[in-house]
Amino acid sequence: EDEDGFSSLLLPVTNQLISEPVSEFATESVGGCDFGATVSALMHHAPVLRHCHVANALCRAAAPQAVLLIESMASNCPSAVPALLRGCIDAYTIAMRDDTKAHTAITNTAKASVRKLAGLSYRESVRVQSVLQQSKVMLDVQLELALEHDPIIAACICNSYFSQCVTNATTDELFEEKPLLFSKCFTCFNNALRDSRRITGRSIVLLRALSFLSLVGGTWKRKHDLLKPTLMLDACKELVALCDATFNKLSDASSEKPPKSENDVLFCHLLCACLSLHARAIVSLEDGSSTKETIDKCLIRVFDVPSISLQSDVVLSKFACLLKANRGNEVRHVALEALTKKSVSYIRDKAVDEGFLETSRSICSSPNLDSIIERGITDAAAMVDSSALIQYVNIEGSYNELERFVRSILDDASKCRIAIRSDDVCDIIKSCITAVKMNQGSTIPFVLPVQLQALSLKIDWRKGESRLSQPALESKYLLRLLYGLYFYVEEPTSPFVIDPRDLPLKESLELADTLVYDVAVFKSELACLIEQVAPEVSSQISMSPIDDTALALGVEPSSPQSRRRAQCERLSDVIREVRRDMMRDTSGSIAEKSFVLASLELSLSDLIVTAARALLGSPTMPLPFMTYSGLCRDPLVLFKAPLQVWRNSGLRRIALYTLSCLLQANRSIVVSTAFTEEVASELLVCRDTLVVKCLITAAIGGGTGKDSLSPFTDSTLIAMVRGMVAKNVGLIAQLAKEGRNEAIMDWLIQFVPESMQDAESLAALLSERSSLTCAEKLEVAAASLSIAIVHGGQNESLAKALAYASLSRLVSSFFLVVGPVGVPVNALDDEGGKDLTETCRNAAFRILGALQNVRARRTGLQNECGISLQKLANLCKSESMLAGVSGPAANMRKKLLKDIYDAAVKAANAMGTSIKL
């Protein structure tokens, strides 16, 4: 507001359209602005903003003059065409979501309006078609517009539409409702194909569209098909002309056929189009007509095309094999898979099946049909694409042919090098095993375990630049391994199956990565099989790479097998030498270094077996015989190693790595062989409980006199125990339930914070429903309270509940702790003769000692502990004042009560509380 209180009429128009400078030829108005330029600018832009809403409203109203009004607005303001088009599309989209009676009227109005907009000019037609295609609406209008200015775009739209129909297993509704559009598309594509003979890419798109129109478009009807016989006859003649012009000049019988050719896709689509047209024409034609004879000759002419590549031979052989076997109903399925390059579901149709069966009878008259089939099932063709061979075996039952082919590959390293790159090599090997099993019922594989192990010894498993690359031999080993794994999955009970864990599975996966050619499909299948038969391989620990120049073994053996044997002997000798003279290498660094270096040279299975034999065998006696598979099934055999192995840091780390790998493999075996998951879980908990006890026993030492052993701390051992406790809920509870493991429980409480995850299991052991005796519950209470105090900060509420259960057990067991009144000796024994009173006393004093570690900041736990200490002190005072009791037994009892009371007072003082008398 100004000084007089009135609002200003001037608006802040800086950088706005209305602030355009004044023209020297314009009439100036108030404020010095060129008002004419401003109005012209607003009239140019404002209609664009309004036309979208107007077009949307007119289409949704479905008024008789709506189409004319939209066309008039577009003619008067060309810049408003995009907005008008958007309004029509929005109205059409809204109407398609509604199933009311107004649906048809709105969509028809929107389509008619869009056609009028496209009819303004060729430029607008192209733009409208592009916008509709991007919006994925009005497919029929898209095709109409595309057919007028570019048949290739129309063919691409058809291909996308039919691919979606085939993939989703839906019928064609578009052309069924618009038969004229169907005929127009077919005629346009056929004419465009005549003009595109010399352009392979355009011909492929058009042939694919013709194939889809013939196979999926509309409904096949006898004598009343949407496609007239004359149209199909013209198309067949055009296909023959294209075939003669393209392939006759390319084929050369004297030259060697290439595996693949740039014209393979063109030939495949040409074959699909010819077959689909012939089958559809047969349905609509009468028997004995001249048109039928002409179409038959066209089909036979295409099948007689000279070979252009092995890939084309395979495609032609697949169709010829189906037609010869009178499986015409499967030809459509194979053709659709070739067109979509996807696996499609088979939809049966009586008219379609009849058409392809008639095609089968027509092509059977060709004298070259057998030779055509044989061209696609030769070894050379099967190395490129084995689908024709597999199909031929399934139809003709020639399992010997498939067996012969697979044998020829697996026995020839050069063929293996080629076959491993094929995407369907896995399918053909699997099909061979299944086919031979169904035909012969044989359980004897081509590749025996001994043969596969002997071949693995020839592979150089080293990790480094000095590794000897043998692509052909490595490919042969990998394919034979794949065959062995497939056979293991198919026939697990056969006496001739391989034991997967006796082979270097992890190194085999790494070996597939080192091949210079792409084997992604093979490696993916191999990884899936290994995950199925040996899941632990994916999580096995790998050694860090080290400079492999340190692997010199004097004069290096020439063959990988000799080098492997020498490395195993060297590692074994070093470990045994350290065991013979511990003073020579007190830290075990020499043995540990040799083990790490050997891991770069040996496979994991060889490394584990060599280390286990050296650790378990006598330093002066021959090494025991062991296998990797046997160690995986019984990893606890490593604890038979002398205690000196676990006391030496280098040997201990070797043993821990070996034990870790074997435990992973054993877990997979237990899970796969147990009847239920619950059984497997219980077995694994029991196994890990024993492992943890053995490892901690080695770590805490013990003994007296000359045999005493000092405790040691090992981060690797601690990490392994923590991992096992974290994986197995209930392991700590199992150890606590066994009792008499004070040293082991103290070690766990000190180094394993994961023990807190067993709080609920420990609380369940302390409940009244537990099957433990009172003395055993008191021992569990001692361990539980220590865990709650030391590691309860992770979950304070859970720690408080566990502490309450433990202290309640102490208070309720008070009379077991002090023993019976008037008896001069401890008269309570368990079944084994152990003094229960002494056991309860030790547990009680362990609880009172643990209470001294409660800090004042943990208020809730401190209050709970203070209440229990007060109850315990009151019990001590009331018992010490019993009258009529005298003698040594009374003195011992009073002394015990005093010790308990003093311990309770000491704990209360440590917590910052006091006991009231």
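**Figure 1. Contacts of F319 in the predicted model.** Apart from neighbours within four places in sequence, the contacts of F319 are L271, C272, L275, F303, V331, V334 and A335. F319 belongs to the largest nonpolar core, which holds 135 residues. F175, F189, F303, F319, Y477 and L479 are the residues of this core that touch the most other members. Helix α12 (residues 264–284) supplies the largest share of this core, with 12 residues. A second core, separate from this one, has 111 residues, including V721, V817, L848 and L861. In soluble globular proteins, nonpolar side chains tend to be buried together.

**Figure 2. Helix α25 and the helices packed against it.** Helix α25 spans residues 505–514, and 7 of its 10 residues are buried, so the rest of the structure largely encloses the helix. The buried residues are L505, K506, E507, S508, L509, L511 and A512. These buried residues of α25 pack against α24 (471–490), α26 (520–533) and α29 (604–616).

**Figure 3. The salt bridge between K178 and D140.** The closest N and O atoms of K178 and D140 are 3.6 Å apart. K178 sits in the loop between α8 (174–177) and α9 (179–195), while D140 is part of helix α6 (residues 139–149), so the salt bridge ties together parts that are 38 residues apart in sequence. With a relative accessible area of 29%, K178 is partly exposed. D140 counts as buried because its relative accessibility is 2%, and the cut-off for buried is under 20%.

**Figure 4. The salt bridge between D411 and R480.** In this pair the closest N and O atoms are 3.0 Å apart. D411 lies in helix α20 (residues 399–411) and R480 in helix α24, so parts that are 69 residues apart in sequence are tied together by the pair. R480 has a relative accessibility of 10% and counts as buried.

**Figure 5. The salt bridge between R667 and D688.** The closest N and O atoms of R667 and D688 are 3.5 Å apart. R667 is in helix α32 (residues 649–673) and D688 in helix α33 (residues 677–700); the pair links distant parts of the chain, 21 residues apart. R667 is partly exposed, at a relative accessible area of 26%, whereas D688 is buried, at 1%.

**Figure 6. A network of salt bridges.** K111, D140 and K178 are joined into one network by salt bridges that share partners. The count of salt bridges in the model comes to 24. Side chains of opposite charge can pair when their charged atoms come close.

How values were computed. Residues numbered from 1 in each chain as written. Predicted model: local features only at pLDDT ≥ 70, side-chain atom pairs only at ≥ 80, totals over all residues. Heavy atoms only, no water. Core = buried A, V, L, I, M, F, W, Y, C linked by side-chain atoms within 4.5 Å. Buried < 20%, exposed > 50% of the residue type's maximum accessible area, 1.4 Å probe, protein only. Helix = DSSP H or I, 4+ residues; strand = E, 2+ residues; numbered from the N terminus. Contact = heavy atoms within 4.5 Å. Salt bridge = Lys/Arg side-chain N within 4 Å of Asp/Glu carboxyl O.
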